[in-house]
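Subject: Handover of a structure and findings

Dear colleague,

Please find below the structure that I am passing on to you. I would be grateful if you could read the notes after it alongside the model.

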Amino acid sequence: MRLLHTSDWHLGRSFHRVNLLSAQAAFVDHLVETARRERVDAVLVAGDVYDRAVPPLAAVELFDDALHRLAALGVPTIMISGNHDSARRLGVGAGLIERAGVHLRTDPAGCATPVVLADEHGEVAFYGLPYLEPALVKDVLGVERAGHAAVLGAAMDRVRADLATRPPGTRSVVLAHAFVTGGEPSDSERDITVGGVASVPIGVFDGVDYVALGHLHGCQTLAERVRYSGSPLAYSFSETHHRKSVWLVDLGPRGEVSAERVDCPVPRPLARVRGRLEDLLADPALERHEQAWVEATLTDPVRPREPMARLAARFPHVLTLVFDPERPPEDTSLSYGRRLRDRTDQQILEGFVSHVRGGEGPDERERDLLGRALDAVRAEEARTEAPR
């Protein structure tokens, strides 16, 4: 049986205020075409269909379009809710939609009720485990102490119990939305830490043939049978070096797994550049980034004038600007008090300016302004302390 494993669409999300709806629509086109071209038997979507609980109308329309097109292909689609989704909203109409071959799994109580598909080798049971917020589902799953490992473990116990009742040789696939130990996070995932622990051990999924994971945005293989597809688009500059793709998974007659990556369309590459402003504007090696979305980190000791406008002249799609000025090494053998000993207030202020500028002190005009500020403070102190 051939499966197309994807997740974390985050429909409705922007990238540093850049609307990504057209890029997300291009991904849906790619997904439908891949399902048709590769003759897949099922599409798996492992959570975070939307970027927020109440998505914008345009995102809902795109989701609706995706479901209609997949249903028109006759390809069953199995999807779960993620931590960004509203499970109740996403699951509205699930019973009716299921008649079209779209199977929404958003209710934790139904995690042991599989979608059963068949090929020439027999049945495959697909178990959808929506994102399990420990405090909200522990009673449903009969767990005394809330925690990600506990609730996911309880859900998997139910899955294994159901699987044991099925005919010998029944193959199994689990969709789950979680942070599994060994996965590499990025900056664009929402923190799901509970009690200081966000991750669950990979062993919780023992006993099934393939685990289609969602939540982490980088495509990665934790084990031959346990994989993250990652998000189809980059949602933070921490994903600059990600190769965005979906997994094309072949599940053999005895549950053996082989998988290959299918690259997703890239609306615009990402680039992180770092250095002094004049160097960034002149370096010929950065020419390859001129049409990328750019995050620039400036290391100038003194903040340049109009840096964003000057960067945009070379990198018209620069989106973020970070300042990390170069600083000379400090003598750490001296305490702060000893470094200030015998200095006047004016010298302390000038030293502070020099420190934040990476060693470049104030000019004559700035020294005059600092002196006037000190005089004003002293005058105010004298007025408040004078006897009345």
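The following paragraphs set out what was found, beginning with a pair of strands and continuing with the salt bridges.

Please note that this is a predicted model.

Strands 17 and 18

Strand 17 covers residues 270-275 and strand 18 covers residues 293-298. The two run parallel and are joined by six bridges. Within this pairing, Arg274 has Thr297 of strand 18 opposite to it. Helix 7, made up of residues 277-282, belongs to the same arrangement: together with strand 17 and strand 18 it makes a β-α-β unit, and that unit is right-handed.

Salt bridges

Side chains of opposite charge can pair when their charged atoms come close. In this structure, 24 salt bridges are present. Three pairs and one network are described here.

The pair Arg69 and Asp29 forms a salt bridge in which the closest N and O atoms are 2.7 Å apart. This pair links distant parts of the chain, with the two positions 40 residues apart in numbering: Arg69 sits in helix 2 (residues 57-73) and Asp29 in helix 1 (residues 21-37). Arg69 has a relative accessibility of 28% and therefore counts as partly exposed. Asp29, at 38% relative accessibility, likewise counts as partly exposed.

A salt bridge also brings together the side chains of Arg171 and Asp119, at 2.6 Å from N to O. Because Arg171 lies in strand 9 (residues 171-177) and Asp119 in strand 7 (residues 115-119), the pair ties together parts of the chain that are 52 residues apart in sequence. Both Arg171 and Asp119 are buried, whereas Arg69 of the previous pair is partly exposed.

The pair Arg160 and Asp157 lies within one helix, namely helix 6 (residues 148-164). The two residues are three positions apart, which is about one turn of the helix. Their salt bridge has its closest N and O atoms 3.0 Å apart. How accessible are these two residues, Arg160 and Asp157? Arg160 has a relative accessibility of 27% and so counts as partly exposed; Asp157 is also partly exposed, with a relative accessible area of 47%.

Finally, a network of salt bridges links four residues: Arg2, Arg37, Glu38 and Asp250.

Yours sincerely

Notes
Residues are numbered from 1 along each chain as its sequence is written. This is a predicted model: local features need pLDDT of at least 70, side-chain atom pairs count only at pLDDT 80 or more; totals for chains, interfaces and linings use all residues. Side-chain values use heavy atoms; hydrogens and water are left out. Two strands pair if DSSP finds at least two bridges between them. Helices (H or I, at least four residues) and strands (E, at least two) are DSSP runs, numbered from the N terminus. A crossover is right-handed if, with the strands pointing away from the viewer, the path from the first strand over the helix to the second runs clockwise. Buried means under 20% relative accessible area, exposed over 50%, partly exposed in between (1.4 Å probe, protein chains only).
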